[in-house]
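Visitor: I should like a close look at a single part of this structure, with the residues and spacings set out in detail. Please then place that part in its wider setting.

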Amino acid sequence: MSSSLFPEDGSRVEMEAGGDIHPGVRVVTATPAAVTVSLPRAHVPLIGSTVTLRWSAAPRGRYQVAAAVAAIDENRVDLRFVGDPEITQNRLYVRGGGGEPIVMTRSGHPDIIGWIHDISERSVRAHFTDVEVRPGHEVALRAQLGPDVVEVTGTVTKASAMRQQVPVRGPLSVEMVALYDPSESDAKIIRRYVMRHQLLMRTKTAESA
């Protein structure tokens with residue numbers, strides 16, 4: 001691995017070991033083949049185990065690489081890289097779309113049709129009319145993204161409602177945010193749709209400039 005890909009000495013990385021994630025792990029020194037990090041002794045992994053290191057990759061992703069624990073000196077750990085770092089997207093921030101139809105289903109309630117404000121591989125913000133939904137509610141969502149249909153089950157994390165008052169009292173407008181963990185096939189559909197939508201918006205902006 002090129003040492004230039006790794007953060008500078010004294011910088012911070014995230015380390016995942018044994019299912020636990022430790023942010024803010026300090027880099028002592030790095031070479032193309034290994035890195036020495038410093039962290040609290042209670043978080044030091046076992047010799048011979050494998051950990052995962054992550055750090056920022058502009059603009060919206062992160063580098064990720066596996067490393068084997070080669071040596072331990074009190075709170076310092078020598079890690080030897082296993083393979084080369086890969087860039088992984090942060091799904092929560094790759095967002096796009098807007099205006100696509102979405103159907104929300106809740107147990108004991110009729111289906112209701114709304115429209116998407118924006119969507120990512122892990123969340124959606126959508127608008128509905130005259131629906132009662134609160135944070136913590138489990139919902140099934142079916143979204144039409146171009147020629148494809150995506151179906152996910154998620155948890156509502158935010159919900160705000162406002163009733164139309166002018167010129168006359170009207171329906172209740174509800175904006176909802178839900179988080180979900182889609183299948184890989186649905187995640188690919190969302191990712192492809194968002195990237196296509198972003199490209200289309202950039203093209204329209206360039207043509208109107």
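Guide: The account below takes the barrel as its part, begins with the strands that form it, and then turns to its cavity and to the other strands. The model is predicted, and each value that follows is computed from it.

The barrel is closed and consists of 6 strands, in the order 7-8-9-12-11-10, with antiparallel pairing. From one strand to the next, the twist averages 40°.

Strand 9, which covers residues 123-129, is a suitable place to enter the barrel. Of its 7 residues, 5 are buried, so strand 9 is largely enclosed by the rest of the structure. Strand 9 pairs with strand 8 (residues 112-119) through 4 bridges, and the two run antiparallel. Within that pairing, Ile116 has Ala126 of strand 9 as its bridge partner. The connection between strand 8 and strand 9 is a hairpin of 3 residues. Strand 9 also pairs with strand 12 (residues 172-180), again in the antiparallel sense, and here 7 bridges join the two. One of the positions in this pairing is Ser123, whose bridge partner in strand 12 is Leu179.

The loop that leads from strand 9 to strand 10 contains Asp130. The backbone of Asp130 has a positive phi of about 55°, although this residue is not a glycine.

Strand 10 spans residues 138-145 and includes Val139. How far is Val139 buried or exposed? Its relative accessible area is 1%, and because buried means under 20%, Val139 counts as buried. Beyond its neighbours within four places in sequence, Val139 is in contact with Met104, Thr105, Arg106, Val133, Val152, Thr153, Gly154, Val156 and Ala178. Gly154, one of these contacts, is 15 residues away from Val139 along the chain, yet the C-alpha atoms of the two are separated by 5.5 Å.

Strand 10 is joined to strand 11 (residues 148-163) by 8 bridges, and the two strands run antiparallel. In this pairing, Gln144 stands opposite Val149 of strand 11.

The structure also has an internal void to consider. There is 1 cavity of 30 Å³ or more, and the space in the largest cavity is about 60 Å³. Its lining is made up of Ile102, Ile119, Val124, Leu141, Arg142, Ala143, Val150, Val152, Tyr180 and Ile190. Strand 10 and strand 11 each contribute at least two residues to that lining. The largest share, 3 residues, comes from strand 10. Val152, one of the lining residues, is also among the contacts of Val139.

The strands numbered before those of the barrel give the wider setting. Strand 1 (residues 12-17) and strand 2 (residues 20-30) pair in the antiparallel sense over 5 bridges. Met15 has His22 of strand 2 as its bridge partner. The hairpin of these strands has 2 residues between them, and Gly18 takes a positive phi near 60° in it.

Strand 3 covers residues 34-38 and contains Thr36. With a relative accessibility of 14%, Thr36 counts as buried. Apart from its neighbours within four places in sequence, Thr36 is in contact with Arg26, Val27, Val28, Thr29, Arg76, Val77 and Asp78. With Asp78, the side chain of Thr36 makes a polar contact, side chain to side chain, at 2.7 Å.

Strand 5 runs over residues 61-73 and includes Arg62. At a relative accessible area of 31%, Arg62 is partly exposed. Arg62 and Glu86 are 24 residues apart in sequence, and their C-alpha atoms are 8.1 Å apart in space. Between strand 5 and strand 6 (76-89) there is a loop in which Glu74 lies. Glu74 is exposed, with a relative accessible area of 56%. Although Glu74 is not a glycine, it has a positive phi of about 55°.

Methods: Residues numbered from 1 in each chain as written. Predicted model: local features only at pLDDT ≥ 70, side-chain atom pairs only at ≥ 80, totals over all residues. Heavy atoms only, no water. Buried < 20%, exposed > 50% of the residue type's maximum accessible area, 1.4 Å probe, protein only. Polar contact = N/O pair within 3.5 Å; in protein donor to acceptor, adjacent residues only side chain to side chain. Contact = heavy atoms within 4.5 Å. Pairing = 2+ DSSP bridges. Axes fitted to C-alpha atoms, helices over the stretch in contact; angles between N-to-C directions. 1 Å grid on protein atoms, 1.4 Å probe; cavity = no way out; pocket = protein on both sides within 12 Å on 5 of 7 lines; lining within 4 Å. Points joined across faces, edges and corners; volume = space filled by probe spheres on them.
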